[in-house]
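Me: I have a protein model open and would like to learn how to read it. Could you take me through it one feature at a time?

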Amino acid sequence: MKYTRVFRPKFFHLFQKGRYSKDRFISDLIAGIIVGIIALPLAIAFGIASGVTPQQGLITAIVAGFIVSVFGGSRFLIGGPTGAFIVIISGIVAQYGMAGLTIATIMAGVILVAMGLCRMGTIFHFIPYPIVVGFTSGIALTIFSTQMKDFFGLTDVAVPAGFIPEWVCYFQNISNINWIETALSAGCLLIIILWNRFGYKKLPGSLIALFAGTAASILLSRFAGLEFATIGSKFPELAQGLPLPKPQMPSLSFNDVRNLVSPAFTIAMLCAIESLLAAMVADGVTGKQHDSNTELIGQGLANIVTPLFGGIPATGALARTMASINNGARTSVAGIVHSVVLLLIYLFLMPYAVYVPLGCLAAILVVVAYNMSEWRTFRYLLKGEKSDVAVLLITFFLTVIVDLTVAIEVGVVLAIVLFVRRTMQTSSIQVIDQARLAATEDDEKANLEDTEFLDIHKGVEVYEINGPYFFGLAATSEEFENRKNQDTCVRIIRMRKVPFIDSTGVKNLRNICDMARKRGVQVILSGVQPRVMHTLEKFGVDKELGRENIYDNIIPALAAANQIAKAKAK
């Protein structure tokens, strides 16, 4: 019963108290059919670009799309393969094979479910924006780079992995460019650009380019004798049609699991970041609210089940989600319809996919990469603080030049470091040196009218801690402790603005008290909040100090401190 409040799929709330109507279903049906057609070329293109087969891309869109819509925490998110995973999938397949990708994806799904059950969904909202932009821009450039082989018709060229080696290879093979293939690719690219700008908005330019490019390749092949690299030339088995995939559990060994922990973590982080960002954008457009923890669990279930049917990692797809919303989607039923449409295409139309030219798919992915690049945002962020610019560029170049797995891991560490650094900037310890202290009987409800000024005896020193008292303030605590005042015999530590204290903060507080005690200085705490007091009690700090030396606010604390100081001064 504990987790029923964590896992609350939006789909199961639709049919309570007659919320779902015929009008809603019609809107969802239309939106689902349209977004299913939109997803067709993307699923095929993402599959091939990831180093797997086009049917695996479609299987992912069908199975993951269905599970995300049924078990997810968003009313609108469309699940499936995305461009963000192309780099990581191709790298895992090249190193570990399809079996390794299957195991890594299932492990990533388990990680996502665990994060959702542990209520970690909101944590991803705190990932700094420069890190997200660095990821997405780097992935976009990498996708663009990998598509140049098919775009320029370099089908017989063995292109090495890695951004720099790829472009070295491309420049070395300029003389081998197939200009007919290039013309077809450029034509498809031009169709997408012009259609998206001037055409019918309900139909995407990528779908029009897919049909136009396929028709052109068939006609030129039959009547002009020109040959083009197609899905059929790369995957001839598709011409026979495809049976429904049967679930198969991969064989697992301890070594496989150990070797694939890092790729699985990368898949999980990328899935969580992309899906929750897409859900947040959908919320902003529709005015609804998604449940981030449920969404993580839904994404995890999708990535556990999908690879059993031969699929690849999946996440929430922002472009398809927005297409669904813009075409009238009202609930997650639209995502289910989208999966059914793709299933029908998979069962009855896949033999016709063999005629789709690879150059056409490359053109589609070039547009996907451009839309992912966020180059305007990238340029805008370069005007920000030096720390943000450094994080942006580090994440971007690690993604492009080194490896996405490394970029994810370093990005997470950078996010933690930035969070700690900025939290430290909001926390401080001040020594109040002036002879008078502004205070109120109720510090929480201070007003100018009830503020009074209290005298501080010269033997009394007042520390004020502002903000969380955690490990980030350790150095600051020691720095103030080194300030020795020979006249001080009582030290008040004012904690009214400390919302919480961690174990390191407790340790530092103990050190301050111990060092003060050794110098003959009495320590008094003032304004300790209930949550902080509870922590101090658990560690026994209240007994060490004496409960008589802990006061609710500054007035009685200062009165007691002044009395002690005057007594010692005699």
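Reply: Happily! Let's begin with one term: a residue counts as buried if its relative accessible area is under 20%, and as exposed if that area is over 50%. Keep in mind that we are looking at a predicted model. With that cut-off, 7 of the 8 residues in β7 are buried, so the strand is largely enclosed by the rest of the structure.

Me: How many residues does the chain have, and what share of them counts as buried?
Reply: The chain has 570 residues, and 54% of them count as buried. Its secondary structure comes to 23 helices and 9 strands. The C-alpha trace spans about 110 × 65 × 50 Å along its principal axes.

Me: Back to the strands. Which strand does β6 pair with, and in which sense?
Reply: Strand β6, residues 460–466, pairs with β7 in the parallel sense, over 6 bridges. To find one of these places on your screen, look for asparagine 466, whose bridge partner in β7 is lysine 497.

Me: What joins β7 to β8?
Reply: Here 5 bridges do the joining, and β7 (residues 490–497) and β8 run parallel. Isoleucine 492 has isoleucine 524 in β8 as its bridge partner, while arginine 494 stands opposite serine 526 in β8. A general idea helps when you look at side chains: in a regular strand they alternate between the two faces of the sheet.

Me: Which helix belongs with β7 and β8 in a β-α-β unit?
Reply: That is helix α20, residues 503–518; together with β7 and β8 it makes a right-handed β-α-β unit.

Me: Is β8 mostly covered or mostly uncovered?
Reply: Mostly covered: 4 of the 5 residues of β8 (522–526) are buried. This strand also runs parallel to β9 (residues 550–551), with 2 bridges joining them. Leucine 525 has isoleucine 550 in β9 as its bridge partner.

Me: Next, backbone angles. What should I look for in phi?
Reply: Most residues other than glycine have a negative phi, so a positive value in such a residue deserves a look. Arginine 119 is a case, with a positive phi of about 60 degrees although it is not a glycine.

Me: Where does arginine 119 lie?
Reply: Arginine 119 lies in the loop between α3 and α4. This residue is partly exposed, with a relative accessible area of 44%. Glutamate 374 also has a positive phi, near 50 degrees. Its place is the loop between α15 and α16, and at 26% relative accessibility glutamate 374 counts as partly exposed.

Me: What is the volume of the largest pocket, and how many residues line it?
Reply: Its volume is about 1,300 Å³, and 41 residues line it. Leu318, Ala319, Arg320, Asn371 and Met372 lie nearest the centre of this pocket. Elements that give two or more residues to the lining include α1, α11, α13 and α15.

Me: Last of all, where in the chain is confidence lowest, and where is it highest?
Reply: Confidence is lowest in strand β4 (residues 436–439), at a mean pLDDT of 48, and highest in helix α12 (residues 292–305), at 96. Over residues 439–452 the pLDDT is below 50, and this stretch has 25 contacts in the model beyond near neighbours in sequence. For the chain, the average pLDDT is 84, and 90% of the residues score at least 70.

Terms used. Residues numbered from 1 in each chain as written. Predicted model: local features only at pLDDT ≥ 70, side-chain atom pairs only at ≥ 80, totals over all residues. Heavy atoms only, no water. Buried < 20%, exposed > 50% of the residue type's maximum accessible area, 1.4 Å probe, protein only. Pairing = 2+ DSSP bridges. Right-handed = clockwise from strand over helix to strand, strands pointing away. pLDDT = per-residue confidence, 0-100. Contact = heavy atoms within 4.5 Å. 1 Å grid on protein atoms, 1.4 Å probe; cavity = no way out; pocket = protein on both sides within 12 Å on 5 of 7 lines; lining within 4 Å. Points joined across faces, edges and corners; volume = space filled by probe spheres on them.
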